[in-house]
Amino acid sequence: MKLSKSFETSMVGSFPRPHPVRDVFASNAEIDPIQISTPGKVNETSVNFVKGIDKDYEFDQKRSGKKDSPDTNKDPQLNYMDGLVKYAVLLQEIAGLDVVTDGEWRRQAYTHVINDLCNGFIQDPRPGIRFGLIVTEPISAKQPGILAKDANFLINNSDRLTKISVPSPYILGARLWDPDYSIKAYPTREKFIDDLVPILNYELQELVKSGIDIIQIDEPDMAVLLDPAKEPIYGDREYDLRLGSNKINEMIHGIKKVRTAMHMCRWNSLNRGWHWEGGYEPIIDTLKSINVNQFFMEFSIPVAGSVSILKELPEDKLIGLGCLDPRSETIPSSGDIVRRVEEALKYVSPDRIGLNPDCGFAPDIRHNIPLDECYAKLVNQVNAARILESKYS
Ligand SMILES: [Zn+2]
């Protein structure tokens, strides 16, 4: 498996959702608009953004037409979201990215897509808990092939390479299972994630048929095990690492003719920074055992360790090199990004390196940062890639 070219440029996944996207969710979501907090202290201001309280207008839900429209084939809200996603794609194309995503604007959070895929979840009733959903019934497929449908839209609306992200079974088990609420459906987290695997594998099979170019599995929770302060969720560190990696391999079993990737990071709380610290050394052997083609890894933050760790990865693994921090307001110059990539070039050949931010710009709908800031970062990332191409290709 190869990159489309040396220094291929992409986003990790998400763009911040502007008000029109949030308005569509506010008037349409089966689950209430997300009110999760990021790890640590709840930031009420940003929660209010989701509720719409910061707005100086009142969105008339009837304007979206849902309540007055018996014709579900012409769901205007779906049309609104399609139009909004076209805008997200267009921004990436104008910035010059080689790979585009839908900005994850069809999801409230990167993990929430599981509520579109499966029955069995309710809105998380626990106070102060972060993740919005909880499993209370044995899960069953709700809309098989919905990710392929999203992929088809992307493919039909861009001539660039396309990417869709899917959360890993391990992280869904870690976040959406709670003994007080889930035990009747699943006595253990592991039983829950065992049931997730075939549903996710089916979605991946359908994604392959859609013609998507890249399937990215989001797996931050396993990656933060590189921090000694991180308590393993399932057992001990080795058990957690083995479980997480095995489940990704099961999830992608039989998935061929498409590039598979895994994203990891130390969590993204925007201006409150990251939550876990350390280089990749403690998990590098685990990474070698995961059968994806590419790793999207963060390197722009000072606690991410040395980029020299990349020499430990097998030569057939492609790298999505995190070369700008989505949490920071600072827009790195093209020269800054070139220097970061050149450090990695000491260990990895140009044809294995893609350029991307460390993480999605907005893992959930509550993450509110200016789209213009993201756009400016991506433009400089693309300029850096062009400088590198002329120097090294
Ligand atoms: Zn991330």
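**View 1. Val-341 and the residues in contact with it in the predicted model.** Apart from neighbours within four places in sequence, Val-341 is in contact with Leu-321, Cys-323, Ile-353, Leu-355, Ala-384 and Leu-388. Val-341 and Leu-321 are the residues with the most contacts inside the largest nonpolar core, which has 100 residues. In soluble globular proteins, nonpolar side chains tend to be buried together.

**View 2. The protein as a whole, with 13 helices and 10 strands.** The protein has 393 residues, and 46% of them count as buried. Among the contacts with a separation of 6 or more, 79% are between residues 24 or more positions apart.

**View 3. The open sheet of 8 strands.** The strands are arranged in the order 1-10-9-8-7-6-5-2, and their pairing is parallel. Strand 1 (8–9) and strand 2 (99–100) stand at the edges; each has a single partner strand, so one side of each has no neighbour in the sheet.

**View 4. Strands 8 and 9 side by side in the sheet.** Strand 8, residues 294–297, and strand 9, residues 318–324, run parallel and are joined by 4 bridges. Within this pair, Gln-294 has Leu-318 of strand 9 as its bridge partner.

**View 5. Helix 5 packed on the sheet.** Helix 5, formed by residues 146–156, touches strand 2 and strand 5 (161–167). The direction of helix 5 makes about 160° with that of strand 5.

**View 6. Helix 13 packed on the sheet.** Helix 13 covers residues 371–392 and touches strand 1, strand 9 and strand 10 (353–357). Between the directions of helix 13 and strand 10 the angle is about 165°.

**View 7. Helix 8, residues 189–210, and the residue that follows.** With 22 residues at 1.5 Å a residue, helix 8 should span 32 Å. The C-alpha atoms at its ends are 31 Å apart, which agrees with that span. Its buried residues are Arg-189, Phe-192, Ile-193, Leu-196, Leu-200, Glu-203, Leu-204, Leu-207 and Ser-210. Gly-211, just after helix 8, takes a positive phi of about 95°.

**View 8. Helix 6, residues 169–176, within its surroundings.** Because 8 of the 8 residues of helix 6 are buried, this helix is largely enclosed by the rest of the structure. The buried residues of helix 6 are Pro-169, Tyr-170, Ile-171, Leu-172, Gly-173, Ala-174, Arg-175 and Leu-176.

Definitions and conventions: Residues are numbered from 1 along each chain as its sequence is written. This is a predicted model: local features need pLDDT of at least 70, side-chain atom pairs count only at pLDDT 80 or more; totals for chains, interfaces and linings use all residues. A nonpolar core is a set of buried Ala, Val, Leu, Ile, Met, Phe, Trp, Tyr and Cys residues joined through C-beta atoms within 7 Å. A residue is buried if 20 or more other C-beta atoms lie within 10 Å of its own, exposed if 12 or fewer, and partly exposed in between; C-beta atoms are placed from the backbone. Two residues are in contact if their C-beta atoms, placed from the backbone, lie within 7 Å. Helices (H or I, at least four residues) and strands (E, at least two) are DSSP runs, numbered from the N terminus. Two strands pair if DSSP finds at least two bridges between them. Axes are lines fitted to C-alpha atoms, for helices over the stretch in contact, and angles run from 0 to 180 degrees between N-to-C directions. The expected span of a helix is 1.5 Å times one less than its number of residues.
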